[in-house]
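Trainee: I should like to learn how to read the features of a structural model in an orderly way. May we work through an example together?

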Amino acid sequence: MSGARRRLIGWLCRLLPGEIADAAAGDLEEQWQRAARRSRIRAAAQLTLEIPALLWCALRSWAMFSTFWRDLRHAFRLAGREPKPTVVALLTLALGLGASTALFALTNAWLLRPLPFADPDRLVAVWETVPEQDIFQNTPAPAVLSEWRARTRAFDGLGAMTTATANLTGSGDPERLSVLRIDDDMQRVLGLRAAAGRLLSFAPGAPAEALVTDAFARRRFGGAAAAVGTSMVLDGDPVVIAGVLPAGVTLLGLDADLWRPLRFTAAERQSQSRYLWVIGRLRRGTTVAQASADADAVSRSREPGLGARAVGLQEQTVGSLGHDLPVLLGATGVLLLIACANVASLTLARTASRRREFALRAALGAGRPRIAAQMIAEAIPAALLGGAAGLVVSGWLVRGFVAWLPQRDTLAAVELGDPRIFLFGLAASIASALCFGLAPALTAASRRTIASLREDARGRSGPAGPLRLIAGIEIALSVALVIAAVVVGRSFVRLSRVDLGFRPDGVVTFELPRRADAGAGVFFSQLLDRLEVSPAVTAAALTQALPLKSFGFGSNFPAEGVPPANRLTLWRIVNPQYFDALGIRRLEGRAFDRRDTAGAARVAIVSESYARATWPGQSAIGRRIGWATLERPMTVVGVVGDVHLSATAPVVPHVYMPYTQVAEFQPGQLAVRARGGDAQAIDAVRQAVWAIDPAQPVAGIQPMEALAWRTLARRRFQLALWTSFAIAAAGLSLLGVYGVVSYRVRRSTKELGIRLALGARPRALVGRIVGEAIVIAAAGAAAGVVLAYWAAETIRGFVIAVEPRDPVVYAAVTAAVVFASAAAAAIPARRATRIDPVQSLRAE
Amino acid sequence: MPDLAEFELRVLLGVLRRGDDAYAVAVRDEIEARTGRAVSIGSLYITLQRLERKGLLRSRLGDPSPERGGRAKRFYALTRPGLALLRAECRMTQAMWAGLGLVRDEK
């Protein structure tokens, strides 16, 4: 009994700092003796109650006085005295941590944050599909929506919206605004609440109202509260701001400054024009798949060849990036792993060169935990500074990503100041400190340290094995990343070279918003006349929706004498020079000309794919087609080449009509092919516009090539990411090879010296050392190729027009990495040839 | 002049009261007897160490005794700054209590 008590007291007090340990043990013993005189149970209880306070005392004094802080101070001093390894480790970590925290910030913004609507998991986007044409995200027509509303069972409600623009005039600068028109159901379906004011009123006879976005309210009125109740002049009519939307609300990534009511007349409800975006709220307990099937069945039964599809709104908003991010996150993890491995091998090599010191410490009685603690402490300066630098780098990266990414609204929501991001960075840096502090520590503190010290005399090279393994793993991971990057890069190059069907280079685009009134036609015809004689412009194209700039509207164009086919066809109203200005090939018949006036016979030009599908093997010229119905047919006078809406989009059939013959719609977008520079063309357009109407806004001035480039924004983003991953990974792993080889040379200085003394040729020695590096690199690369082959299925999801398992790519990357490794190895290997045999024998 | 926590003050006073016999168990007894509150050796040592680090206490090892399993006592004593601090503290406290007559001096 008394033995057990003494042992307990002894054990507890050994935890205390040395200067009080003995006295405290004596105090506890004395206390026990005194209490035991009255009652042993009391004494035992008293001793038990002492345990927590003693442990706490031990913990505190350990934290205060322990050698750990000494180690840490020592480590910082060491880093200051010999900064090179710390700087390399710091840079390595800054890169690895920076990328991982940046990616975490982006994932957080896209995937983890719920949409700002009530019960967002039940919201879905509902699309019309045309399976035959590979179209799965078509906007449905009001007639289809009515059918879905009447016949589906899966939804609590279906809301509709469409996009529009409006000119804001009156106070302040005139501005062109993006408008989202939403119907009554949409407000209910979203479960929307105004951040200030109230929602839109759909009561009959309600005054013209708008809900404005938070950003617009701030920009224009200085705040949400100030905006509510204010009247604006939109397209010449007063509109009252009923309320302000909560910050960050966007729908399907559609641009909008304000939301206005969308009301249907009875006739509009049955319209076949496909211009609506539909969002539905699932009935409780219904899955997205069930809703999809429900809507699909209704669409199929309505018109064969068509279907429908529901997509979770979150998934839809996050879009394909939702697919990319886990893969990218994986790549970030790999990069972080390489970074840690690299620092580990750096530390390992440094530890190895200090083995004598550790052996001595071990011999003097420093235990394994003591040495491990020291090694961890030595890893901390780099980890802390690297973590801080990583946060800075991640700030740059996120800002860079935001600038690169396509949907700017969603991106504005990325928060850099999110504490979770900081915590992630901190956790990652601590984890990597442990990761690269511990491995060398365990080697250093291993029982074999002293034994290996003796082995040293015989020229054994200690932890070279683990070093080689680490370098090999790094090579494997970076080969996999480089292969992925090359595949993504090739896909990008292919896409940027896709023939769009027109030539965007040298074309500048404009938006000329104008109210639909009788004067508009005159304005546009005068403008075209002026541009025709302008020396700065080769040709001008006028339409309601330029390719790359706007998707345009789809409808059905049945042909006389041909059974009706439900084929989505985009239509554009254009001027005669449209095709020449954009460089669209003219295949058959004529372009529009001055004969095609409002009163003349109605004419149309169709695209090649429309002609081929409607009249296979026959000429389209002279045939008659109708817009939605065949009531007012148009005669086809020409066939032109197909146009891609973007590099990645499939060809959609087009019907072109002269803008002069379509009174219901206004052209509002202009593109001119510049003769000299873009600047002169822009100037010429402005002069021409303002000469006719000085109050006309000239907006959206953009080179068409920039628009084409923008459609590749997501791809570009991927490419930039993968390229930086690959460069970082390859750089780090080459650094790893360099480290291994220079360690190898340092370790075997004596051996190399003896060889040289015995007459070995220096070149042969270099070859031998480089050969060892090549073996490591080749083994690593082989593993990397296997890894890449295995990961190819994941990558296949987002590369287009390229086979991810391309043996040529695999071989080229492998060869390049092995060659680069040999080059990295050659630098320290050459040092071996400069060894002075006499010096080397004295070493150690 | 640093502010003292309540318990730190009690420990300093306990050490002062015990004079030449101020080792942990004795100081603990002194505080318990006067305040009627239980004090654990562990928490006493946390404070003793902190006060020593602040330079208010100094300590020396005594001789081992059989009652303590042959272990030595560590005796604590106030340093000159420790004493000065207590004086100042006493003056401040008395100035605050003066004339209120809440508690009679029990003698």
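Trainee: Is Arg594(A) buried or exposed?

Mentor: The model before us is predicted. In it, Arg594(A) has a relative accessible area of 63% and is therefore exposed, the threshold for that class being over 50%.

Trainee: With which residue does Arg594(A) meet in a salt bridge?

Mentor: The general idea comes first: side chains of opposite charge can pair when their charged atoms come close. In this case, Arg594(A) meets the side chain of Glu532(A), with a distance of 3.6 Å from N to O. Arg594(A) lies in the loop between β16 (586-589) and β17 (603-607) of chain A, whereas Glu532(A) belongs to helix α20 (residues 518-532), so the pair ties together parts that are 62 residues apart in sequence. As for the partner, Glu532(A) is partly exposed, at a relative accessible area of 47%.

Trainee: How far apart in helix α2 of chain A are Arg34(A) and Glu30(A)?

Mentor: They stand four residues apart in that helix, which spans residues 18-38, so about one helical turn separates them. Arg34(A) and Glu30(A) form a salt bridge, and their closest N and O atoms are 3.6 Å apart. The accessibility of each partner should be read separately. Glu30(A) is buried, with a relative accessible area of 3%, while Arg34(A) is partly exposed at 30%.

Trainee: Which residues are linked with Arg34(A) and Glu30(A) in a network of salt bridges?

Mentor: The network also takes in Asp27(A) from chain A, together with Arg28(B), Asp29(B), Glu32(B) and Arg68(B) from chain B. Within chain B, the side chains of Asp29(B) and Arg28(B) meet in a salt bridge of 3.5 Å, N to O. Arg28(B) counts as buried at 4% relative accessibility, and Asp29(B) counts as partly exposed at 21%. The cut-off matters for this last label: buried requires a value under 20%, so Asp29(B) falls outside that class.

Trainee: How many salt bridges does the structure hold over all chains?

Mentor: The total over all chains is 38.

Trainee: How should I describe the packing of helices α26 and α27 of chain A?

Mentor: Two packed helices are described by the angle between their axes and the distance between the axes. Here, helix α26 (residues 749-757) and helix α27 (residues 762-796) of chain A pack at about 145 degrees, and their axes are 10 Å apart. The crossing of α26(A) and α27(A) is right-handed. On the α26(A) side, the contact involves Glu751(A), Leu752(A), Arg755(A) and Leu756(A); these meet Pro762(A), Leu765(A), Arg768(A) and Ile769(A) of α27(A). By class, the contact residues comprise five nonpolar and three charged, with no polar ones.

Trainee: What do the totals for each chain say about secondary structure, burial and contacts?

Mentor: Chain A contains 29 helices and 22 strands. It has 844 residues, of which 52% count as buried. Among its contacts with a separation of 6 or more, 80% join residues 24 or more positions apart. Its exposed area is about 37,600 Å², with carbon and sulfur atoms supplying 60%.

Chain B has four helices and two strands, arranged from the N terminus as α-α-α-β-β-α. Of its 107 residues, 39% count as buried, and residues 24 or more positions apart make up 49% of its contacts with a separation of 6 or more. The accessible surface of chain B is about 6,600 Å², and 52% of that area belongs to carbon and sulfur atoms.

Note on methods
Residues numbered from 1 in each chain as written. Chains lettered and ligands numbered in written order. Predicted model: local features only at pLDDT ≥ 70, side-chain atom pairs only at ≥ 80, totals over all residues. Heavy atoms only, no water. Buried < 20%, exposed > 50% of the residue type's maximum accessible area, 1.4 Å probe, protein only. Contact = heavy atoms within 4.5 Å. Areas by Shrake-Rupley, 256 points an atom, 1.4 Å probe, with all protein chains shown as cover. Salt bridge = Lys/Arg side-chain N within 4 Å of Asp/Glu carboxyl O. Axes fitted to C-alpha atoms, helices over the stretch in contact; angles between N-to-C directions. Left-handed = near helix turned anticlockwise from the far one by under 90°. Nonpolar A, V, L, I, M, F, W, Y, C, P; charged D, E, K, R; others polar.
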